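Please open the model in your viewer and keep the selection tool at hand. We will go from stop to stop, and at each one you will hear what to select and what to look for.

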Amino acid sequence: MRRLFPSPTPSAAPIPPAEAAPPAEPTGSADPQWTLEELADAYAYPAVAPGTPWLRGNMVSSLDGAAHHQGRSQPLSSDADMRIFGVLRALADAVVVGAETVRQEGYRPARRREAFAARRAAAGQHPAPAIAVVSASLDLDFSLPLFTEPLVPTLLVTGAAAPADRQAAAREAGAVVVHAGEGAAVDPARVPALLAEHGHTRLLTEGGPRLLGQFAAAGVLDELCLTLSPRITAGDASRITDAPGFEVPLEYRLHSVLEEDGFLFTRYRRAGAAAGAK
């Protein structure tokens, strides 16, 4: 893996041409694989005021803009993408995901990873991130391990007027039900602050496209980690966001770009998001 942006700081004293080493012979991989620790440092959450949520999204897109192939994101992914996927989860307090993505991707509870145990303990985090499922209808199978066997209790984010019997079933299964809206629907603008009230300020959303679009439209998507896959799918797959068009496009600024095996791992931050963030 190599960093494309920002460019590495050039040496203050360039090596004279006569002393430069001869070009190395091709080895099939000119750039070493980054360690999990190096990736964790590269993707560390910014320093913001205590109690302030930071919501980052992580999505993959084909060259022609597809967010999935035949309903799943895995065909667009790679080993490097999955390493970064795991690191982003390991850094988060909570992973926020839509109910449809839970159903389509077969979500399971996040697991404890020994490689990140010391880092999470030093940051005052639980051994693994909580999963926060956003759903208005609560049309979910509460017998799944996501609800019955999590290391950290799964949160169910819904509206106060969501079906009472489904809320009761979720609680009986062990989920923590929280309300982000007075009606049945979820107000996406309220979700980050609500989760922060429950101690989850480092937030990661893995979509799907509808939920990501809602967060962007609500102005609460602080950062987007977008993997650009060197693959073309055609077809009618959705884009990484699925929401009504904005009257004025939202502005995000490039923060970093990594590359491995033709995959580009980009990070963008919302213009004006937490001005003091580093």
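The tour below starts with confidence, moves on to the sheet, and ends at some side chains.

**Stop 1: colour by confidence**

This is a predicted model, so begin by colouring the protein chain by pLDDT. The mean is 89, and 90% of the residues reach 70 or more. Select strand S7 (residues 202-205) for the highest confidence, at 98, and helix H3 (residues 99-105) for the lowest, at a mean of 87. Now select residues 11-28, where the pLDDT is below 50; beyond near neighbours in sequence, this stretch has one contact in the model.

**Stop 2: the sheet**

Switch to a cartoon view and pick out the strands. Ten of them form an open sheet with mixed pairing, and the order is S1-S9-S10-S8-S2-S7-S3-S4-S5-S6. Which strands stand at the edges? They are S1 (2-5) and S6 (176-179); each has a single partner strand, so one side of each is left without a neighbour in the sheet. On average, neighbouring strands are turned by 25 degrees against each other, direction ignored.

**Stop 3: S7 and its two partners**

Select S7 again, this time together with strand S2 (residues 54-61). These two pair in the parallel sense over four bridges. Gly 57 has Thr 205 in S7 as its bridge partner. Next add strand S3 (residues 94-98), which runs parallel to S7 and is joined to S7 by three bridges. Here Val 96 stands opposite Thr 205.

**Stop 4: S4, S5 and a helix across**

Move along to strand S4 (residues 130-134) and strand S5 (residues 155-158), a parallel pair joined by three bridges. Show Val 133 and find Leu 156, its bridge partner in S5. Then select helix H6 (residues 164-173), which lies across S5 and S6 and runs at about 140 degrees to S6.

**Stop 5: aromatic pairs**

How many aromatic pairs does a search of the whole structure find? There are two. Show Phe 142 and Phe 147: their ring centres are 5.0 Å apart and their planes are at 85 degrees, so the pair is edge-to-face. Phe 142 counts as buried at 9% relative accessibility, and Phe 147 is buried too, with a relative accessible area of 2%. For the other pair, show Phe 263 and Phe 265, with centres 6.4 Å apart and planes at 15 degrees, so these rings are stacked. Both Phe 263 and Phe 265 are buried.

While rings are on display, add Tyr 45 and Arg 56. Arg 56 lies over the face of Tyr 45, at 4.1 Å from the ring centre.

**Stop 6: two loop residues**

Select Thr 233, in the loop between strand S8 (223-228) and strand S9 (252-260). Is Thr 233 buried or exposed? At 19% relative accessibility, Thr 233 counts as buried. Leaving aside neighbours within four places in sequence, show the residues in contact with Thr 233: Ser 62, Asp 64, Ala 66, His 69 and Leu 76.

Finally, go to Leu 221, in the loop between helix H8 (209-217) and S8. Leu 221 counts as buried, at 3% relative accessibility. Beyond neighbours within four places in sequence, the contacts of Leu 221 include Arg 56, Gly 57 and Thr 205, so you can keep those residues from earlier stops on screen. Among the others are Leu 212, Phe 215, Tyr 252 and Arg 270.

Technical notes. Residues numbered from 1 in each chain as written. Predicted model: local features only at pLDDT ≥ 70, side-chain atom pairs only at ≥ 80, totals over all residues. Heavy atoms only, no water. pLDDT = per-residue confidence, 0-100. Contact = heavy atoms within 4.5 Å. Pairing = 2+ DSSP bridges. Axes fitted to C-alpha atoms, helices over the stretch in contact; angles between N-to-C directions. Phe/Tyr/Trp six-rings, centres within 6.5 Å; stacked < 30°, edge-to-face > 60°. Buried < 20%, exposed > 50% of the residue type's maximum accessible area, 1.4 Å probe, protein only. Lys NZ or Arg CZ within 6 Å of the ring centre and 35° of its normal.
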